[in-house]
Every structure is written in structure tokens, then in C-alpha cells.
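Hi,

Here is the structure I promised to pass on. Have a look at it first, and then read my notes underneath.

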Amino acid sequence: MAHPLMFDGADPYLARVREICLALPGADEKVSHGRPSFFTTKVFLTYGGTVKGDHDPEPYRQSVLVLPDAAERPALLGDGRFYDPAYVGPSGWVGLDLRACGPPEEVDWQEVAELVDASYRLTAPARLVRELDAG
């Protein structure tokens with residue numbers, strides 16, 4: 001049984017996230033478990049999440065799940081815009097609630113791009129990271 005789609009294709013937050021992710025070498029998008037996921041050989045960002053014990057997709061529908069550097073994770077989780085996502089949180093991932101950052105035109109997209117970059121570097125093959133650095 002396929003998962004129901006848990007995103008709106010016309011979502012302005014998703015449009016900007018998609019632009020950031022697909023600009024990276026070798027990046028592609030697929031829908032997995034009803035959510036857009038961006039990957040090379042491994043997923044580096046999932047759009048939308050939940051928290052442990054609450055599977056309602058609405059509260060964090062417009063968020064990004066990324067894998068930060070382990071040393072950065074505690075500081076990120078200390079910021080009220082971030083949360084510990086269900087399923088992938090125990091593996092070091094964090095969620096950033098984009099709605100908590102303001103409307104799409106007020107989000108610090110440079111900050112989002114930096115989070116995406118870090119997650120990409122931790123998950124992408126070395127040859128793609130070298131390509132990113134060379135570009």
C-alpha cells in the first residue's frame with residue numbers, strides 16, 4: 001500500500017528547498033513515505049516530519065530534516081525552530097520548522113542552504129563532494 005502524499009506541490013517553502021537541493025551535484029528528488037526526499041546515493045534532506053509519539057503530519061509539514069555535524073546538533077536543538085524528528089533523530093538528524101522561521105519571504109534561506117550543504121557533505125559520495133568544492 002502506497003503512502004498518501006503529505007505535501008502540497010505548490011508549497012512555496014518546498015519550491016525554495018527544492019531549488020537549493022537540486023543545485024547540488026548529483027542530487028535528485030523522489031517521494032518516499034509520502035514526502036519529498038532529496039538524495040545522491042543516500043538521502044540528505046526530507047521535507048516534512050513528525051516527532052516521536054505524534055504521527056500527525058500537520059505540525060511539521062513544512063519542515064526540513066537534515067543531518068548536521070554531530071557537534072552542531074545540541075546547539076541546533078536548543079533553538080526553538082528545531083526539533084528532534086521521529087525515526088531519524090536517534091541517528092543524529094534534526095528538523096527545522098520553516099513556519100517557525102516566518103513566511104517564505106522572511107526565511108533565512110542562506111541558513112537553510114548551509115544546513116543542506118552540511119547534510120549533503122555527510123551523506124554524498126566523496127566524488128560529488130569534490131565536485132561541489134571544485135564548482
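Strand 4 (residues 63-66) and strand 6 (residues 94-97) pair in an antiparallel way, with four bridges between them. Keep in mind as you read that this is a predicted model. Two of the pairings here are easy to pick out: Ser-63 sits opposite Asp-97 of strand 6, and Leu-65 has Gly-95 of strand 6 as its bridge partner.

Strand 4 is covered on both faces. Ser-63 and Leu-65 are buried on one side, and Val-64 and Val-66 are buried on the other. Asp-97, which belongs to strand 6, is buried too, with a relative accessible area of 13%. If you want another landmark for Asp-97, try Gly-80: the two are 17 residues apart in sequence, and their C-alpha atoms are 9.0 Å apart in space.

Now for the other neighbour of strand 4. Strand 3 and strand 4 also pair antiparallel, this time over three bridges, and Leu-45 stands opposite Val-66 of strand 4. Going one strand further, strand 2 and strand 3 are again antiparallel, with three bridges, and here Phe-38 faces Leu-45 of strand 3. The connection from strand 2 to strand 3 is a hairpin with three residues in it.

Then there is strand 1, which runs antiparallel to strand 2 and is joined to it by five bridges. Glu-29 has Phe-38 of strand 2 as its bridge partner. These two strands make a hairpin as well, with two residues between them. Check His-33 in that turn: its phi is positive, at about 55°.

So what does the whole sheet look like, and in what order do the strands come? It is an open sheet of six strands in the order 1-2-3-4-6-5, with antiparallel pairing. Strand 1 and strand 5 (82-83) are at the edges with a single partner strand each, so each has one side with no neighbour in the sheet.

Strand 2 deserves a second look. Five of its five residues are buried, so the rest of the structure largely encloses this strand. Arg-35, Ser-37 and Phe-39 are buried on one side, while Pro-36 and Phe-38 are buried on the other. Phe-39 also has a charged companion: Lys-30 lies over the face of its ring, 4.7 Å from the ring centre.

On to the aromatic rings. The count comes to two aromatic pairs. One of them is Phe-44 with Tyr-120: the ring centres are 5.3 Å apart and the planes are at 85°, so this pair is edge-to-face, the cut-off for that being over 60 degrees. Phe-44 is in strand 3 (residues 43-47) and Tyr-120 is in helix 3 (residues 109-123), so the pair ties together parts that lie 76 residues apart in sequence. Are these two residues buried or exposed? Both Phe-44 and Tyr-120 are buried.

Next, the pocket. The largest pocket holds about 510 Å³ of space, and 20 residues line it. Ser-32, His-33, Arg-35, Thr-46 and Tyr-87 are the ones nearest its centre. Which elements give two or more residues to that lining? They are strand 1 (28-32), strand 2 (35-39) and strand 3. By class, the lining is made up of nine nonpolar, nine polar and two charged residues. You will recognise some of these names: His-33 is the turn residue with the positive phi, and Arg-35 is one of the buried residues of strand 2.

One last spot, away from the strands themselves. Pro-25 is in the loop between helix 1 (12-22) and strand 1. Its relative accessibility is 13%, under the 20% cut-off, so Pro-25 counts as buried. Pro-25 and Lys-42 are 17 residues apart in sequence, with 13 Å between their C-alpha atoms.

If you only have a few minutes, start with the order of the strands, 1-2-3-4-6-5, then turn to the edge-to-face pair of Phe-44 and Tyr-120, and finish at the largest pocket with its 20 lining residues.

Cheers

Definitions and conventions: Residues numbered from 1 in each chain as written. Predicted model: local features only at pLDDT ≥ 70, side-chain atom pairs only at ≥ 80, totals over all residues. Heavy atoms only, no water. Phe/Tyr/Trp six-rings, centres within 6.5 Å; stacked < 30°, edge-to-face > 60°. Buried < 20%, exposed > 50% of the residue type's maximum accessible area, 1.4 Å probe, protein only. Lys NZ or Arg CZ within 6 Å of the ring centre and 35° of its normal. 1 Å grid on protein atoms, 1.4 Å probe; cavity = no way out; pocket = protein on both sides within 12 Å on 5 of 7 lines; lining within 4 Å. Points joined across faces, edges and corners; volume = space filled by probe spheres on them. Nonpolar A, V, L, I, M, F, W, Y, C, P; charged D, E, K, R; others polar. Pairing = 2+ DSSP bridges.
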